[in-house]
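Visitor: I should like to learn how to read burial, contacts and helix packing in a model of this kind. May we take a few residues in turn?

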Amino acid sequence: MMIRPALATLIVCVSALAFPLCADASSGVRFGIQDDAWLASGPGTLESRLDTLDRLGVDVVRYALRWDLIATKRPGQPRWSGDPAYQWGAADGVLKGLRAHGITAVVDLRFAPEWANGGKRPNSLPENGSDFANFAAAAQNRFPWVRDWLIWNEPNKAGFARPVSPEAYVRRLLNPAYAALHAANRSVRVAGGVTGPRAGAGGMSPVAFLRGMKAAGARLDVYAHHPYPEEPRSETPTSGGCARCATITMATLEKLLREVQRAWPGKHIWLTEYGYQTNPPDRILGVPQTLQARYIGEAALRVYRAPRVDMLIHFLVRDDPLAAGWQSGFYTVGGRVKPSYAAFRFPLAQLSKAGASTTVWGQIRPRSGRQQYRLRVFRGGWRWVGGTARTDARGSFRRTVPVGKGAKVRVYSPRDRAYSPPLVIR
């Protein structure tokens, strides 16, 4: 069974990228995945898929409970004998399985049944906030070990919420659920917002939506956001974003930090959905698979160093079988492993470079505690740098290696007998 503590920040301050590695960075960052379809009905058995998560070394898994599918009938209305008000379906097995493997679940509640929203589509908000509060309480009582909750999904976008209104979101969803969940369990953490990085057709920018939530009196423990790149083929986790726009991507994470602190001083942030699609198969929005792998390491370092950011969730594990779906998995539809699989297990990123010396940061994610690792560099041929070393208690390390621009570095985990993808020094 894999039980991993949250990943801690480094103690030493290092000036690189956007944030310093300082004591004001988050005291614990959890890295995880979301892929509901793969978890519930992917290849193999649920147990084999949970074993895959153990090998990846995830701290947390995001999983959705769809109110419209779980509560097709209004609780209390006449039903056939033995027909429950709530039918939890695959969620029972998935959430209990995650618990058995020591993997924390962060659960989002979304989509309204017709009886609650006036017979409209599931993305239409409920007419009465108390109905949603009852569902939230029922979910907490069904899964009492769950402590982390997300309220809805990207309510600033018309595809996920009708109306797109921060006031309606706060009044009909967030505040009722916040009160119900805290009444059911005092130790829960309820994340509000769960905003998408841009408005989209008929939507609101995350900046406008966040400010509207504050004006509407939002109650929350954490603010959640999805910092997908605006222009995936030109934007990296650390560069290329629009600082003056109302969008918020990983490249402009500082903007989110400022907005959240202005609205709710001291509150922390969860980044609960993020990833790059790959080409192949997506020839329009995808990046090369080797670049996707590099960005996993760069995004991990960026979040690791950011103050008050406590979570980063990668979306997906396996590419969507539909061409119009999302193609950001560690596996192709056919089950072929992409470089991103190893990059998630052993993220490696360039921290700084001075002449012929480069400082790298990385992690060994499977298991908990101090882990053995070795570094290998390529300059005309692969060679080891030093002997076997150990990470800190959270699986992280920082090393300076005698290589400059154009050289390659990779980390090796002796226990896993596996390497990270090569990191090309810039």
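Visitor: Is Lys96 buried, partly exposed or exposed, and why?

Guide: The model is a predicted one. Burial is judged from relative accessible area, and the class between 20% and 50% is partly exposed. Lys96 has a relative accessible area of 45%, so Lys96 is partly exposed. The residue belongs to helix α4, which spans residues 90–100.

Visitor: Which residues is Lys96 in contact with, leaving aside neighbours within four places in sequence?

Guide: With those neighbours set aside, Lys96 is in contact with Ala91 and Trp145. As for Ile248, 152 residues separate it from Lys96 in sequence, and the C-alpha to C-alpha separation in space is 34 Å.

Visitor: Why is Arg294 counted as buried?

Guide: The cut-off for buried is under 20% relative accessible area. Arg294 has 13% relative accessibility and therefore counts as buried. Arg294 lies in helix α10, residues 289–305. Beyond four places in sequence, Arg294 touches Gln350, Leu423, Val424 and Arg426. With Val424 there is also a polar contact: a polar side-chain atom of Arg294 lies 2.8 Å from the backbone oxygen of Val424.

Visitor: How does one read the buried residues of a helix, and which are they in α2?

Guide: An α-helix has 3.6 residues a turn, so residues three or four places apart point the same way. In α2, residues 46–56, the buried residues are Arg49, Leu50, Thr52, Leu53, Asp54 and Leu56.

Visitor: What covers the buried residues of α2?

Guide: The cover includes strands β1 (30–34) and β2 (60–66), together with helices α1 (36–41), α4 and α11 (339–345). After α2 comes Gly57, with a positive phi near 80°.

Note on methods:
Residues numbered from 1 in each chain as written. Predicted model: local features only at pLDDT ≥ 70, side-chain atom pairs only at ≥ 80, totals over all residues. Heavy atoms only, no water. Helix = DSSP H or I, 4+ residues; strand = E, 2+ residues; numbered from the N terminus. Buried < 20%, exposed > 50% of the residue type's maximum accessible area, 1.4 Å probe, protein only. Contact = heavy atoms within 4.5 Å. Polar contact = N/O pair within 3.5 Å; in protein donor to acceptor, adjacent residues only side chain to side chain.
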